[in-house]
Amino acid sequence: MDNARKKYIIANWKMNFTPGEASLYLNKLSNKIQPSRKLQIVLAPGMVSLQTLSLQVNRRQFKLAAQNCHWSDYGPYTGEVSLTQIRSFVDYVIIGHSERRYVFNESEKQIADKVSAAIRNGVTPILCIGETALDRKDGETNSAINSQLMNGLRQVSKEDIDKVIIAYEPVWAISSNKGAKPANPIDIIEAEQLIRKNLAKIYGKDIAEKVSILYGGSVNKDTAAGYLEIPGIDGLLVGNASLIADQFCAIVEIAKGVRNER
Ligand code: PGA
């Protein structure tokens, strides 16, 4: 078994903070969080703050991620931003977040093309997948996960798959959704095993074991340890709790301490 996968804590700030506020918040986090070789901390501010933060950030302490990107490198796409334009600011990009899928109707084809754009531009894609409450109610959890996984990765070769991070985020567990409830570790274990089984079918078992799989959905300092201890879960994607310094720093400290040897 390969235990060499990195552990990640990724902060998704969504559409919060002006560039000035983001800069002050980064400063606050920098003073509270010590870099750790075992843990990669990634901050995903709004697009408008990326340039400012990229000049300010200590990249040994934090890496930056975009929350979205366009699938082309240049072109007539009014209002869009490509990874070619921002790749000097970021190391990661969140792709296919449920808010992009369901609020902005992003298609599987667009998501797959964005994953390719990320790999082409040397930026690590964090592909978000996860079933809705309705999928779960209808017994369609596995097929929703499989189809988002396979469609999202359909242009990713065997050589490139270990450059991709998968984030399992059941839509019903995301804190901003009405009636959200935290996922049970058993649901996450099942999803992680399903994802790795499907990765193994396409890329082979050894490669599937190398892919980092994160969990996201209503994570806070009280639930983080329980999720991080799940074998095969390599970190967390944190929304709401990442906006509060005390919460986020506590989650980071917990992640530094947790060992989930498989
Ligand atoms: P949450 O968001 O932690 O507020 O549930 C997670 C996400 O949307 O990525």
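1. Asn 240 makes a good starting point. A polar backbone atom of Asn 240 sits 2.8 Å from an oxygen atom of the ligand. The protein covers the ligand heavily: alone, the ligand exposes 280 Å², and 99% of that is buried by the protein. Keep in mind that this is a predicted model.

2. Two further polar pairs deserve a look. Ser 218 offers a polar backbone atom, 2.7 Å from an oxygen atom of the ligand. Glu 169 uses its side chain instead: a polar atom there lies 2.8 Å from a ligand oxygen atom.

3. Next, the shell. It holds 13 residues around the ligand. Lys 14, His 97, Glu 169, Ser 175 and Ser 218 come nearest. By class, the shell has seven polar, four nonpolar and two charged residues.

4. Which space does the ligand take? It takes the largest cavity. That cavity holds about 110 Å³ of space. Its lining counts 15 residues, and those nearest the centre are Lys 14, Gly 217, Ser 218, Val 238 and Gly 239. Lys 14 and Ser 218 are also among the residues that come nearest the ligand. The lining splits into eight polar, five nonpolar and two charged residues.

5. How many cavities of 30 Å³ or more are there? The count is two. The second largest has a volume of about 40 Å³. Its lining includes Gly 96, Ser 98, Arg 101, Tyr 102 and Cys 128. Glu 169 lines this second cavity as well, and Glu 169 is also one of the residues nearest the ligand. By class, the lining has four nonpolar, four polar and two charged residues.

6. Secondary structure helps to place that second cavity. Helix α4 and strand β5 (124-129) each supply at least two of its lining residues. Helix α4 gives the most, with three residues.

7. Now the open space. The largest pocket holds about 570 Å³. It is lined by 21 residues, with Met 15, Gln 67, Asn 68, Arg 100 and Phe 104 nearest its centre. Their classes across the whole lining are nine polar, eight nonpolar and four charged.

8. Which element gives the largest share of the pocket lining? Helix α4 (residues 98-103) does, with three residues. Helix α4 also gives the most to the lining of the second largest cavity.

Note on methods: Residues numbered from 1 in each chain as written. Predicted model: local features only at pLDDT ≥ 70, side-chain atom pairs only at ≥ 80, totals over all residues. Heavy atoms only, no water. Near = heavy atom within 4 Å. Polar contact = N/O pair within 3.5 Å; in protein donor to acceptor, adjacent residues only side chain to side chain. Areas by Shrake-Rupley, 256 points an atom, 1.4 Å probe, with all protein chains shown as cover. 1 Å grid on protein atoms, 1.4 Å probe; cavity = no way out; pocket = protein on both sides within 12 Å on 5 of 7 lines; lining within 4 Å. Sits in = over half its atoms within 2 Å of the grid points. Nonpolar A, V, L, I, M, F, W, Y, C, P; charged D, E, K, R; others polar. Points joined across faces, edges and corners; volume = space filled by probe spheres on them. Helix = DSSP H or I, 4+ residues; strand = E, 2+ residues; numbered from the N terminus.
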